[in-house]
Amino acid sequence: MQITRYVAAHDSGTILNRLTAESQIKGGVVQGIGMAFSEELIIDKVTATPINPNYRDAKVPTHLEAPEVEVIFVENYDPYGVFGGKVVGEPPITAAVATIANAIFNATGKRFKELPMTPDKIVRAVQV
Amino acid sequence: MKSFENIDVKSVKEAVNLLQKFQQQKKTAAVVGGGSEYLQLMKDHVVEPDYLINLKTIPGLDYIKEERGAFRIGALTKLADIEMHPTIQEKLLILSSAAGEAASPQIRNAGTIAGNLCQRPFCWYFRSANFTCLRKGGQVCYTVTGDSRFHAILGAGPSYIVHPSDTAPALVALGAQIKIAGPAGEKTIPLEKFFLLPSVDYKRENILTAGEIVTEIIVPAPKSGSKGFYHKVRERLAWDHAIVAVATVVESSAGVVSHAHVVMGGVAPIPWRAAKAEEFLRGKKLDEASARQAGEIALEGAKPLKDNSYKVKIAQDLIQRGLLASV
């Protein structure tokens, strides 16, 4: 699986600093990609012991998983926010996981309701 | 990490002698090239040696030479140097790409070819200090009842590790040989015979015994009209081991196969040669159907554990894709 294009459109109110706001979105998207594709704390069920407590096996995304993210801000003035701003924060992560799950549904016709969506789950779902 | 003493050696002979001496003194010692793998084992408390013998200080073990129809690769040659070497890229592309698929750029800049072939398994039970598994002197292989999604489907039992090396399947497919120095002198054996199945010895992955060191890999130059392909499926595009890797080398003319080599990584405790599929392909015209059938034959007899049956399908598809790319 590979993400060929990623567009993130966010309503974050008035953007106060475009560079850092875009970086925040991009960072969130990459975290979401990790959550969608590979990151997982795996517990051995028999002994109730974590078996991948390290960066090699817990698989956070690398540069190769991070696509070029196109960021669009739907700017509007928020009367309750500081200088008309809303939030950038963590919303990009939430959207990324659902977006990728929808893209996989679009490609395979299968809905995945368990994260991460790893090759074993996808091969099993597509084979049946 | 337990404290240890580092010894810089100047020659292979000195290293062999030291290994023998420490064995007689009942001390544990290990040889280290790049160290990217062995230091990790030490940090994970899988091994706790008294002495580390640093091979990097031996001059003249880091080379790639082409002579008399073969490539000679020194044991200390870095994976990145094999990946980037212009002649290897031109004549042994399969080896260059296999080296380039290993680990991450940082590790490839430190890790050596001999170290890559002598890696210990990356099974999470083996690597965890919380489990004393069969391979570490315990009673059981935890994979059988535990999480076996990355484990072996062929040739396994009583231990279910997979061989982690990327270069090994490519080198076996190319018919490489390995040169080993030891107390009894030097010997050269086919690389295929270097690896050990757990049914033979479940505590070792290769035939090296105390005092033996890998010194050189010899790769015969491919025959004209032969083409190779290496492909690896994994969860993450870098710094990840193969779920399934397939190395194919095919000698053919006008699409008809005279010799085919199909070797899989990530599916068995050793680089797994699909001998029956190779035999099946001899004299056949390589097309979608015959490549598909070769993949099915290669996976006959696969015994997946409860979590890894998906590897069978991936391996069949990869073999088909690899064979079609190799003509």
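**View 1. Ala247(B) and its bridge partner in this predicted model.** Start with Ala247(B): its bridge partner is Val263(B), which lies in β11(B). Zoom out a little and you have the pairing of β10(B) with β11(B), which run antiparallel and are joined over nine bridges.

**View 2. The open sheet of chain B.** Here the two strands appear with their companions, in the order β9-β10-β11-β12 of chain B, with antiparallel pairing. Look to the edges for β9(B) and β12(B) (272-273): each has a single partner strand, so one side of each is left without a neighbour in the sheet.

**View 3. Helix α12 of chain B and its surroundings.** This helix covers residues 310-325, 16 residues in total, and spans 23 Å from its first C-alpha to its last, close to the expected 22 Å. Its buried residues include Tyr310(B), Val312(B), Ile314(B), Leu318(B), Ile319(B) and Leu323(B), and Lys311(B) is also among them. Which elements do the buried residues of α12(B) pack against? From chain B, they meet β9 (226-233), β10 (244-253), β11 (256-265) and α11 (288-298), and from chain A they meet α4 (119-127).

**View 4. Chain A from end to end.** Follow the chain along its sequence and you will meet the pattern β-α-β-β-α-β-α-α, which comes to four helices and four strands. Its radius of gyration is 17 Å, well over the 14 Å that the globule rule gives for 128 residues, so chain A is more spread out than a compact globule. Its C-alpha atoms fill a box of roughly 55 × 35 × 25 Å along the principal axes, and buried residues make up 24% of the chain.

How values were computed
Residues numbered from 1 in each chain as written. Chains lettered and ligands numbered in written order. Predicted model: local features only at pLDDT ≥ 70, side-chain atom pairs only at ≥ 80, totals over all residues. Rg over C-alpha atoms; globule rule 2.2 N^0.38 Å. Buried ≥ 20, exposed ≤ 12 C-beta atoms within 10 Å, placed from the backbone. Expected span 1.5 Å × (residues − 1). Contact = placed C-beta atoms within 7 Å. Pairing = 2+ DSSP bridges.
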